[in-house]
Structure formats: C-alpha cells, structure tokens
Amino acid sequence: MQVIEPPLEVRDKILRVGGVSTLELAQKFGTPLFVTDENRIRENYKRIVGAFTTAYRKFSLQYALKANNNLSILRILRSMDSGADCSCIEEITLAKKAGYPSNRIIYTGNFNSDIELKLALKEGVMINLDDVAQLPRLRQFGKPEILSFRINPGVGKGRYAGLVFGGRRTKFGIEEKKAVKGYLSAKRSGIRHFGIHVMSGSAILEKKYFPKVAERLLNIAGRIAKKVGIEFEFINIGGGFGIPYKPSEKALDIEFIGKEVGELFTKLPSELSLGTPTLMIEPGRYIVGDTTILLAKVHGKKKGTVTTYVGTDAGMNTLLRPALYGAYHQVYVANRMFHRPNPEKITICGQICENTDVIAEGRRLPLIKEGDILAILNAGAYGFAMSSQYNNRPRAAEVLVNGGTVDLIRERETVSDLTLHQKIPERLKN
Ligand code: LLP
C-alpha cells in the first residue's frame, strides 16, 4: 500500500480511498460518483481549529454550508462542535436539520427579501447584513439578539476573477463610512449586541493575506466601536482558505495563519478598546475540498483536429468548476496508477451538448481505454453543490467512506426526479 496524498492510497496499481477500492465503488454504486472520506473531514477540521485556538482561545468556526451541504457531512462537523455559516433561509433549515443550534448559525444573505429577514429573525440566528438599507426593513419585524454588518475592507483576493469578493468590483459588503451609520442606527433602535464580518475572496493560497485582512478588519472595528460607542462580541474574518489543486502547489500554512491572526486578536482589541471578541472564521473549501474524489467512467476516445477527447460520464453538469472558472482538477486513471504518462495530451470532457463541457484540458495521463475509471480530485467543495440537471441528466450519487466502511449518503437521482415538479396544463394533455 502506498499513500499518495491523504486520503488516497494505491494498492496493486488501483486507487483506494478510505480503505476502499475505487473500482469496487464505481462498480457497486455506478458513476459518476462522489466519494468522501470521513477521516479527512475530521482531520481538516481539527487542523484549522487547532491552528487558531493555539494562539487565541475565544474562537468559533462556522462551516460554510454552500461548499458541500450533504446532511451526513454536516452532522460530522456538528459532532465536532462546528457552527454554521448560511447564505439563505433554506440553508438555515438544513443546518437545523443537521443539529446546529440557532446561536451557532450566522446568516449572511445578500439582497434579502422581507420574508427572508422575517424568517431569519424567527429562527433566532445571528444576522449579518450586507447593506445598511436592510436594517429598517429588518426592524419592522423585530429586534435581533445580535447583529453584524459585512464590511468591504477595500481589498480582495481570489484564485479566479469571479472569486474576488472585496475591493471595488463587487456587490458584497459595506464601506466603513456607511457601516458607521448602520451601527449607529442599530444601536439607536435598541440592538445591544454586535459583531462585524468580512469575506473578501475564495481559494486563496497566500498565507500573508489572512493576517493582513484580519488586521484591517480589527482596525475598522476599532474605529467603528469608538465612533458608535459599542463593543463587538465577534469579529468574523470570513473563509477563503485555499487548497492545492495543482500538483505543483503547496498546502496553505494554516499554523502560520492561526498564529499570526491569533496574535493580532490578542494584541489589538485591548489597544483599540474592543473588549475580548470571539474570533470567527467561516471556511468551506478548506474543510471539505480535498475530502472527496469524483469517479467517472470513460465512454469513448476521439481524435480531434488539435487534441484527443476522452469522454466520461462526468461533465459540467457534475463538476462545473472547470467550465465556469477554468478551474484545474487533477485527474488519475484509477485502474492504472503509476503507469507512465502517454506523450499525447488529452482533453477530458463529459457528455453535455456544450463545448465548455470540459473537466481537464491538455493533460498527459497513462494510456486511457474505454471502460477505465477516472478519479477527479478535490471535488468536495463546490462539486455536488454546483451540479445541475442540465441536458435532463440526473445528479450523481454520494458515498461516505471511513476506514473500509462505505455508506451511501445521497442516492443517485432517477429519471422521475427530473420531472418531479413539472405540471402539464389540462389543455396540453392527450
Ligand atoms: N462565507 C461567505 C459569506 C461566502 O460567501 C463563502 C463562499 C464562504 C464563507 C466560504 O468560502 P471558502 O472558505 O469556501 O472559500 N464556487 C466557487 C467558490 C465560491 C465561494 C462563494 N462563497 C468555487 O467553486 O471555487
């Protein structure tokens, strides 16, 4: 047995995950199939919590459900005392179903409707507003126990242009000056407990970025606290912690980040009269990204004019990231591990009627034959979550592996799921 990168191992040239052969999984559950390793979720969670709490103990991790919202995965994280970051009421409902208590859920919507504001209040979660104008609308329905605003810190970073959420070209967050007004009117309207939040980008692999943003936010919080005469119970520096997708990339030095941010939180709040706030983070990708591989079966190979296409049953409907951002996902031939790469470069695609239906481009892999099983790595974050029924294709199944045991945690959709909510008017029947 040879470990290649946790949670992946190779035995007899066959890729294994969580102690199980990927070929057996593909055979038993069919493809495309998302396979998630439970231990890896636990390891990732412990590593990031450990990194932050070593330097600053008053800490809370809000797992960003949007990255992967499978109920079993949510339960694993809840059992480790995770909180939840929800972007809509439906995610709050899901978090509650998985056992998250209201006081450990933060709700960060944007352009919330009245009904959403009303329901968020009813649920009793921490409410994080993305616009000051939402405050009077929220106050029509009641008073939140604790309120925060999402700040645009003036800087942002992200692996792709579409993943930058701070700075000048983004719909997210509130500039400091406006936020002062927001907190002032919140205080005047009788709200007593406050937090402050930032989420300035995703898939960031630059370790120094995180302490930089934390320092910016702490200083912004200090100025607001002074002007408004409030304290902050939590200061949320967001998610965005990247994972390596390319073989040449190194894992983020999360210990460095935890230590630097923790030290800032130890030092700055007393200098800025901020009390002792809870340090909050809300990662998605870091917790689940590398826990999951996507298995796909090869159904054909075709020589094009400039490249050879390898067609599989996983396409942009199964894993949208390559089509949407040009994202890179490493691919293995699961039944031919360690074979020498073929000189010929290939493009791996799906079965969808779009030319953007690409999973990987210009790759050199061992010779691929029809019937081979490909493993697409790092599919745990924004994988199933962004999959669709495009071309009238059912969504994939998900299994959870753990030291040799396998559980189906989401059944493959069937053809009847595809028309589940459709209605045919009487006049069109017959
Ligand atoms: N908090 C908020 C308010 C967010 O909007 C997000 C992600 C997160 C936390 C978690 O971010 P993470 O730690 O996972 O970077 N679809 C893209 C990623 C979009 C992220 C959207 N917001 C992808 O496939 O890479």
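Which residues of helix H3 (residues 71-79) are buried? In the predicted model examined here, the buried residues of this helix are Ile73, Leu74, Ile76, Leu77 and Arg78. An α-helix has 3.6 residues a turn, so residues three or four places apart point the same way. At the start of H3, the backbone nitrogen of Ser72 is approached by a side-chain oxygen of Asn70, which reaches to within 2.8 Å of that nitrogen. After the helix comes Asp81, for which phi is positive, near 80°. Arg78, listed among the buried residues of H3, lies over the face of Tyr100, at 5.7 Å from the ring centre.

The N-terminal part of the chain contributes to an open sheet of 4 strands, arranged in the order E1-E2-E3-E4 with antiparallel pairing. The edge strands of this sheet are E1 and strand E4 (20-21), each of which pairs on one side only. Strand E1 (residues 2-5) is joined to E2 by 3 bridges, the two strands running antiparallel, and within this pairing Val3 stands opposite Glu9 of E2. The connection from E1 to E2 is a hairpin through 2 residues. Pro7 is placed in the loop between E1 and E2, and the peptide bond that leads from Pro6 to Pro7 is cis, with omega near 5°.

In a regular strand the side chains alternate between the two faces of the sheet. Such an alternation is found along strand E2 (residues 8-11), where Leu8 and Val10 point to one face and are buried, while Glu9 and Arg11 point to the other face and are not buried. On its pairing with strand E3 (residues 14-17), E2 forms 4 bridges in the antiparallel sense, and the bridge partner of Leu8 in E3 is Val17. The hairpin of E2 and E3 has 2 residues between the strands, and Asp12 in this hairpin takes a positive phi near 50°. E3 in turn pairs with E4 over 2 bridges, again in the antiparallel sense, with Arg16 standing opposite Ser21 of E4.

A search of the whole structure for contacts between aromatic rings finds 11 aromatic pairs. One of these is formed by Tyr183 and Phe194, whose rings are arranged edge-to-face at 5.8 Å centre to centre, with 75° between the planes. Because Tyr183 lies in helix H7 (residues 176-188) and Phe194 in strand E11 (residues 193-198), the pair ties together parts that are 11 residues apart in sequence. Both Tyr183 and Phe194 are buried. Elsewhere, Phe52, Phe59, Tyr209, Phe210 and Phe241 form one aromatic cluster. A further contact with a ring involves Lys207, the charged end of which sits over the ring of Phe256, 4.4 Å from its centre.

The ligand is surrounded by 19 residues, of which the closest are Ser202, Glu282, Arg321, Tyr325 and Tyr382. An N or O atom in the side chain of Ser202 is 2.5 Å from an oxygen atom of the ligand, and for Tyr382 the corresponding distance between a side-chain N or O atom and an oxygen atom of the ligand is 2.6 Å. A nitrogen atom of the ligand, in turn, has a polar side-chain atom of Asp85 at 3.2 Å. Of the 580 Å² of accessible area that the ligand has on its own, the protein covers 93%.

Most residues other than glycine have a negative phi, and most peptide bonds are trans. Tyr382 has a positive phi of about 60° although it is not a glycine, and this residue is placed in the loop between strand E19 (373-376) and strand E20 (397-402). With a relative accessibility of 17%, Tyr382 counts as buried, since the cut-off for that class is under 20%. A positive phi, of about 65°, is likewise found at Ala203, which is not a glycine either; Ala203 is placed in the loop between E11 and helix H8 (209-228), and at 5% relative accessibility it counts as buried. A cis peptide bond also joins Thr31 and Pro32, with omega about -5°, and Pro32 is found in the loop between helix H1 (22-29) and strand E5 (33-37).

Terms used: Residues are numbered from 1 along each chain as its sequence is written. This is a predicted model: local features need pLDDT of at least 70, side-chain atom pairs count only at pLDDT 80 or more; totals for chains, interfaces and linings use all residues. Side-chain values use heavy atoms; hydrogens and water are left out. Buried means under 20% relative accessible area, exposed over 50%, partly exposed in between (1.4 Å probe, protein chains only). Two strands pair if DSSP finds at least two bridges between them. Rings of Phe, Tyr and Trp (its six-membered ring) pair if their centres lie within 6.5 Å; planes under 30 degrees apart count as stacked, over 60 as edge-to-face and the rest as tilted. A charge sits over a ring if NZ of Lys or CZ of Arg is within 6 Å of the ring centre and within 35 degrees of the ring normal. A polar contact is a pair of N or O atoms within 3.5 Å; within protein, one must be able to donate a hydrogen and the other to accept it, and residues adjacent in sequence count only if both atoms are side-chain atoms. A residue is near a molecule or strand if one of its heavy atoms lies within 4 Å of it. Accessible areas come from the Shrake-Rupley method with a 1.4 Å probe; for residues, only the protein chains shown count as cover.
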